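User: Please take a close look at a single part of this model: how the strands are arranged and what they pack against. Give the cut-offs where they matter.

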Amino acid sequence: MDLIAKQIEPGLIKLVPNSVHAVFWLQTHFPKTEWDTLFSNQAGFDDSCMRNLATDARRAGLNIHWECEIRF
């Protein structure tokens, strides 16, 4: 897996780079001022933004593992 998407809370997803390819991909999509936040696993995205990022990442050939919480 290149990217791991983890649900922080309903509607908010943390994106975790898990390969050098993911790091390079993120660097092409975000300004340098955001890299520390992204690479320290502190970036959170709403559902719609994360879906757009995931679509783009898949088109670039990255594999994404999307973890979610299931409530009973």
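Analyst: Helices (H or I, at least four residues) and strands (E, at least two) are DSSP runs, numbered from the N terminus. On that basis the protein chain has three helices and four strands, and its elements follow the order β-β-α-α-β-α-β from the N terminus on. The model is predicted, so local features need pLDDT of at least 70 and side-chain atom pairs pLDDT 80 or more, while totals for chains, interfaces and linings use all residues. Residues are numbered from 1 along each chain as its sequence is written, and side-chain values use heavy atoms, with hydrogens and water left out.

The strands come first. The four of them make an open sheet with mixed pairing, in the order β3-β2-β1-β4; two strands count as paired if DSSP finds at least two bridges between them. β3 (44-46) and β4 (64-67) are the edge strands, and because each has a single partner strand, one side of each is left without a neighbour in the sheet. Direction ignored, neighbouring strands are turned by 30° against each other on average.

Two of the pairings can be followed in detail. β1 and β2 run antiparallel to each other and share six bridges. One of these joins Glu 9 to its partner Leu 12 in β2. The two strands form a hairpin with two residues between them, and Gly 11, in the turn, has a positive phi of about 90°. On its way to the edge of the sheet, the pairing of β2 with β3 is also antiparallel, over three bridges. Here Ile 13 has Phe 45 of β3 as its bridge partner.

Next, the helices that pack against these strands. Contact means heavy atoms within 4.5 Å, and axes are lines fitted to C-alpha atoms, for helices over the stretch in contact, with angles from 0 to 180 degrees between N-to-C directions. α1 packs on the sheet and touches β1 and β2, with its direction at about 120° to that of β2. α3 lies across β1, β2, β3 and β4 and runs at about 105° to β3.

Strands and helices also meet in the largest nonpolar core, which has 17 residues. Such a core is a set of buried Ala, Val, Leu, Ile, Met, Phe, Trp, Tyr and Cys residues joined through side-chain atoms within 4.5 Å; buried means under 20% relative accessible area, exposed over 50% and partly exposed in between (1.4 Å probe, protein chains only). Leu 3, Leu 15, Trp 25, Leu 26, Phe 45 and Met 50 have the most contacts inside the core. At least two core residues come from each of β1 (3-9), β2 (12-17), α1 (20-29) and α3 (47-59). α3 gives the most, with four residues.

Leu 26 shows how these pieces meet. Apart from its neighbours within four places in sequence, Leu 26 is in contact with Leu 3, Leu 15, Pro 17, Trp 35, Leu 38 and Phe 39. Leu 3 and Leu 15 are themselves on the list of core residues with the most contacts.

The connections around the sheet add some detail. Ser 19 sits in the loop between β2 and α1. With neighbours within four places in sequence left aside, Ser 19 is in contact with Met 1 and Asp 2.

The loop between α2 (35-39) and β3 holds Gln 42 and also Asn 41. Asn 41 has a positive phi of about 60° although this residue is not a glycine. Its relative accessibility is 31%, so Asn 41 counts as partly exposed. Gln 42 has 60% and therefore counts as exposed. The C-alpha atoms of Gln 42 and Leu 15 are 8.1 Å apart in space, with the two positions 27 residues apart in sequence terms.

Ser 48 lies in α3. Ser 48 has a relative accessible area of 48% and is partly exposed. From the C-alpha atom of Ser 48 to that of Val 16, 32 residues away along the chain, the separation is 17 Å.

Finally, the chain as a whole. Of its 72 residues, 31% count as buried. Among contacts between residues at least 6 apart in sequence, 51% join residues at least 24 apart. Taken along the principal axes, the C-alpha atoms fill a box of roughly 40 × 25 × 20 Å.
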